[in-house]
Structures are given as structure tokens and as C-alpha cells.
Amino acid sequence: MNNLLKGKKGIIFGALDDKSIAWKVAEECVENGAKIILTNAPTALRLGSINDLAKKCNSQVITADATSLEDLENLISKSLKIFNGKIDFILHSIGMSVNVRKKRSYTDLNYDYLMKGIDVSAISFHKLLQTSMKLDAINKWGSILALSYIAAQRTFPSYNDMAENKAFLESIARSFGYHFGVKNKVRINTISQSPTITTAGSGVEGFDTFFEYSEKMSPLGNASAKDCAKFCVALFSDYTKMVTMQNLYHDGGFSNTGISEEIIKKLK
Ligand SMILES: NC(=O)c1ccc[n+]([C@@H]2O[C@H](COP(=O)([O-])OP(=O)(O)OC[C@H]3O[C@@H](n4cnc5c(N)ncnc54)[C@H](O)[C@@H]3O)[C@@H](O)[C@H]2O)c1
């Protein structure tokens with residue numbers, strides 16, 4: 001235990017089950033001395049096992065659909081009361097594409113599905129930031145993170161319209177990062193994580209191949225959910241106070257590798 005987050009208070013979105021990246025982040029934050037509140041959509045509370053995590057982390061669960069401003073306001077104001085003070089960090093770990101779920105191909109998108117997916121995966125981040133700013137809920141030098149994927153920059157055909165969702169999400173981090181930085185010295189970043197075996201990850205067609213390819217391409221191999229959690233703790237801590245408006249690759253070197261010897265061997 002490093003106690004990097006001793007005395008800090010945060011909200012973690014998106015822990016569904018023990019495979020979720022957010023689950024590992026919650027555990028790591030608590031191990032590092034933070035107090036946390038967990039939140040997820042009502043359906044996730046029914047289907048997942050967030051209450052087990054809450055027990056383990058000695059934390060409360062507040063239901064919120066991240067696309068609902070009313071739910072977000074309720075979540076933030078209740079958290080301020082429970083913490084008896086402002087919030088130091090937030091993790092947005094939410095992603096969903098109805099087109100991916102319903103196996104609509106990128107060249108045959110349903111636009112109602114597209115709008116729903118972008119609301120859940122990207123606009124929800126803006127809604128969360130705007131609500132937090134309006135309620136003056138974040139401490140000076142607070143840190144807010146969202147999880148992204150490199151399909152925002154490069155084409156991965158089966159990632160479908162999630163690519164646009166992630167590009168939008170990363171842009172919100174930059175744009176809002178400016179305003180929250182100037183106003184309250186709050187920092188906002190996205191982490192571009194390696195493929196990780198979770199419910200959302202495995203929903204992408206051909207995910208196993210994705211995962212294996214990326215493992216062989218990355219000099220350090222794929223970054224695990226546990227490693228991602230440690231990176232989040234570092235970014236929530238006071239050791240990264242001047243990092244903001246960035247999309248930070250946490251991918252074992254994948255993003256800067258053209259081809260690896262392992263892939264050449266496999267294709268020969
Ligand atoms: N798994 C991967 O390969 C991978 C790689 C890079 C980035 N990510 C990103 O990491 C984040 C977390 O995903 P994960 O892989 O841990 O999968 P996960 O399925 O465990 O988590 C996704 C979460 O989003 C929540 N969610 C969906 N709709 C919501 C709504 N309306 N309101 C509130 N919450 C809602 C779900 O309940 C779930 O807890 C996502 O943003 C995902 O895109 C995942």
C-alpha cells in the first residue's frame with residue numbers, strides 16, 4: 001500500500017463485475033487510502049455484482065444513468081453530503097454502442113442507435129463535467145479521467161461507431177479541460193487502454209483476435225486492467241498535478257509500433 005490517495009475522495013463510474021476496469025480502479029484507490037462512492041446504471045445494478053465491491057471498499061452505491069442530468073445532479077449532491085466536502089477525483093468508465101450490440105455494420109448504421117451510443121459513451125462525460133462544475137463539486141487540483149481506445153485515431157473495422165464515440169470523448173477532455181483548468185485548476189485526461197477482457201470489450205466482434213494481435217504488437221504486451229488501475233491512481237494523485245487535456249496511451253507501446261518481430265514470425 002502506497003497511500004498515494006490518502007485523504008482523497010472520489011466517484012467511480014462503471015464497475016459492473018470483477019472483470020470491469022472500474023472494479024480494479026476502485027480497489028486500487030481504496031488500497032491507496034481513498035474514500036470512494038460507486039455508481040452505475042440501474043440495469044447494471046441488477047445484472048452485475050457492484051454491491052460485493054461496495055462491501056469490500058466500504059463504500060456506498062448511488063444509482064445513476066450517466067445520460068440523465070437529473071441522476072447526475074443527484075449523484076454529485078449526495079456525494080458532497082456523504083463526503084462532507086468536495087470531490088478530488090472521478091473515473092468515467094462507460095462505453096456502449098447499440099450498433100455493435102445489434103451487429104449493425106459500420107456501413108449500415110442505424111442512426112437512432114448511433115445517437116444513443118454517443119450519448120452514453122461520450123456526451124455523458126460532458127454532462128458529468130458540466131454538472132460537477134455547476135455544483136462547484138471538485139476540489140482545486142482535482143483529477144477527472146475517462147477511458148478511451150486507439151480506434152479514436154486509427155481504424156479498427158469491427159470497433160464500428162465506438163471509434164467516433166471515443167474521438168468525441170477525447171475531444172471533450174481537451175475542451176472541458178481548458179475551462180475547468182482555468183476556473184478551478186481541475187485536470188481532465190483520457191487514458192487510451194489496451195484491449196482488456198471485460199463485458200464491454202468482449203462485445204466487439206473478433207475481440208480475441210484483437211487482443212492477441214495487440215499482445216504480439218506491443219513491446220511490453222497488453223496492459224492489464226490492474227495496471228490501468230495503478231495508472232489511474234497515479235493520475236488521481238498529486239504527483240501528476242500539471243498533466244491535463246491529454247490522451248495518454250496505456251498500451252505497452254502498441255501506439256508507436258509499426259510492426260513487431262512476433263507478428264512477422266506469425267505471418268511468415
Ligand atoms: N475492455 C477493453 O478492451 C477496453 C479498452 C479500452 C477502453 N475501454 C473502455 O473502458 C471503459 C470501461 O469498460 P470495461 O471494458 O471495463 O467494460 P464494462 O462492461 O465492465 O464497463 C462498461 C460500463 O459502462 C456502464 N454503463 C453503460 N451504460 C451506462 C449508462 N447509461 N450510465 C452509466 N453507466 C453505464 C455499464 O453498466 C458498465 O459498468 C469503457 O469506456 C470502454 O470503452 C475498454
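**Helix α1.** I listed the buried residues of α1 and got Ile21, Ala22, Trp23, Lys24, Val25, Ala26, Glu28, Cys29 and Val30. The model I am reading is a predicted one. I then set that list against the extent of the helix, which runs over residues 21-31. Nine of the eleven residues of α1 are buried, so I noted the helix as mostly covered, with burial meaning 20 or more other C-beta atoms within 10 Å of a residue's own. Past the helix I checked the backbone and found that Gly33 follows α1 with a positive phi, near 95°.

**Helix α9.** I went on to α9, residues 207-217, where Phe210, Ser214 and Met217 are buried. Why do these sit on the same side of α9? They cover an arc of only 65° around the axis, which puts them there. I looked at the face turned away from that buried side and found the exposed residues Asp208 and Thr209. I also asked what covers the buried residues of α9. The cover includes α11, residues 261-267.

**Ligand shell.** I counted the surroundings of the ligand and have 27 residues. The closest are Ser20, Ala44, Gly95, Ala200 and Gly201. Which elements give two or more residues to this shell? I found α1, β5 (138-148) and α8 (199-202). The largest share comes from α8, with three residues. I sorted the shell by class last: 14 residues are nonpolar, twelve are polar and one is charged.

**Cross-check.** I noted that α1 turns up in two entries: as a mostly covered helix and as one of the elements giving two or more residues to the shell around the ligand.

Definitions and conventions
Residues numbered from 1 in each chain as written. Predicted model: local features only at pLDDT ≥ 70, side-chain atom pairs only at ≥ 80, totals over all residues. Buried ≥ 20, exposed ≤ 12 C-beta atoms within 10 Å, placed from the backbone. Helix = DSSP H or I, 4+ residues; strand = E, 2+ residues; numbered from the N terminus. Arc of directions from axis to C-beta. Contact = placed C-beta atoms within 7 Å. Near = placed C-beta within 6 Å. Nonpolar A, V, L, I, M, F, W, Y, C, P; charged D, E, K, R; others polar.
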